[in-house]
Amino acid sequence: MAGLVPAIHAFFVAKAWMPGIKPGMTDPARPSKWSISMPWFRNHYFCESCGATWAAEWSDIVYDDCPFCGAKHTMPYKSDDRTVIVAREGDSFVVLRSPETAAHDPDYEELGSFPSREAAAAFLAGRAP
Ligand SMILES: [Zn+2]
């Protein structure tokens with residue numbers, strides 16, 4: 001029908017994904033605190049078939065199937081690296097990391113708590129590989 005615009009839906013879902021890197025395959029030359037992190041990504045998708053948008057978190061940047069029309073192999077147009085994040089908790093800023101044991105969700109563990117976002121960023125800058 002002319003003029004019919006597909007509804008744009010947006011929702012969020014976390015999905016399980018088997019990691020490509022197994023324990024023991026990490027590079028021993030890297031600092032252990034960082035080499036045991038589980039990569040975690042929030043992937044953003046746009047379906048060219050029905051116009052839907054959605055986001056899904058995976059431990060990799062992967063194709064997904066459209067949850068609205070079933071179109072296969074949609075490539076994310078954007079991916080946020082959420083392996084290490086800074087989250088606000090009350091008056092402090094907490095640095096969270098997805099540990100190696102993460103599987104079905106990032107299962108964040110706290111690395112430190114700071115009075116400002118700048119202090120948390122400085123902490124990350126000093127520890128990044
Ligand atoms: Zn679709």
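Val62 lies in the loop between β3 and β4 of this predicted model, and it counts as partly exposed, because 15 other C-beta atoms are found within 10 Å, a number that falls between the limits for exposed and buried residues. Although Val62 and Asn43 are 19 residues apart in sequence, their C-alpha atoms are 7.8 Å apart in space. Asn43 itself belongs to strand β2, where it is one of the buried residues. The same loop between β3 and β4 also holds His73, which has a positive phi of about 55° although it is not a glycine. His73 is exposed, since 9 other C-beta atoms lie within 10 Å of its own.

The protein as a whole contains two helices and seven strands, and these follow one another along the sequence in the pattern β-α-β-β-β-β-β-β-α. Of its 129 residues, 12% count as buried. Among the contacts between residues at least 6 apart in sequence, 47% join residues that are at least 24 apart.

Strand β2, which comprises residues 41-46, shows an alternation of its side chains: Phe41, Asn43 and Tyr45 point to one face and are buried, whereas Arg42, His44 and Phe46 point to the other and are not. Such an alternation between the two faces of the sheet is what a regular strand shows in general. Strand β2 pairs with β3 (residues 53-58), to which it runs antiparallel and is joined by six bridges, and within this pairing Phe41 has Trp58 of β3 as its bridge partner. The hairpin formed by β2 and β3 has six residues between the strands, and in this hairpin Gly51 takes a positive phi near 85°. Strand β2 also pairs with β4 (residues 78-81), again in the antiparallel sense, over four bridges. In that pairing, Arg42 is matched with Asp80 of β4 as its bridge partner.

Further along the chain, an open sheet of three strands is arranged in the order β5-β6-β7, with antiparallel pairing. Strands β5 (84-89) and β7 (109-114) stand at the edges and have a single partner strand each, so that one side of each is left without a neighbour in the sheet. On average, and with direction ignored, neighbouring strands of this sheet are turned by 30° against each other. The pairing of β5 with β6 (residues 92-97) is antiparallel and extends over six bridges, and here Arg88 stands opposite Phe93 in β6. The loop between β6 and β7 contains Asp107, whose phi is near 50°, a positive value in a residue other than glycine. Asp107 counts as partly exposed, because it has 15 C-beta neighbours inside 10 Å.

Helix α2, formed by residues 117-127, lies across β5, β6 and β7 and runs at about 30° to β6. Phe93, which is found in strand β6, illustrates how residues from several parts of this region come together, for it touches Val86, Arg88, Phe114, Ser116, Arg117 and Ala120, not counting residues up to four places away in sequence. Among these, Arg117 is 24 residues away from Phe93 along the chain, yet the C-alpha atoms of the two are separated by 5.8 Å. Phe93 is buried, because 20 other C-beta atoms lie within 10 Å, and a residue counts as buried when 20 or more such atoms are found.

The confidence of the prediction varies along the chain. The mean pLDDT of the protein is 78, and 71% of its residues reach 70 or more. Over residues 1-10, by contrast, the pLDDT is below 50, and this stretch has nine contacts in the model beyond near neighbours in sequence. For residues 16-35 the pLDDT likewise stays under 50, and the model has 18 contacts beyond four places in sequence for this segment. Where pLDDT is low, the predicted coordinates should not be read in detail.

How values were computed: Residues numbered from 1 in each chain as written. Predicted model: local features only at pLDDT ≥ 70, side-chain atom pairs only at ≥ 80, totals over all residues. Pairing = 2+ DSSP bridges. Axes fitted to C-alpha atoms, helices over the stretch in contact; angles between N-to-C directions. Contact = placed C-beta atoms within 7 Å. pLDDT = per-residue confidence, 0-100.
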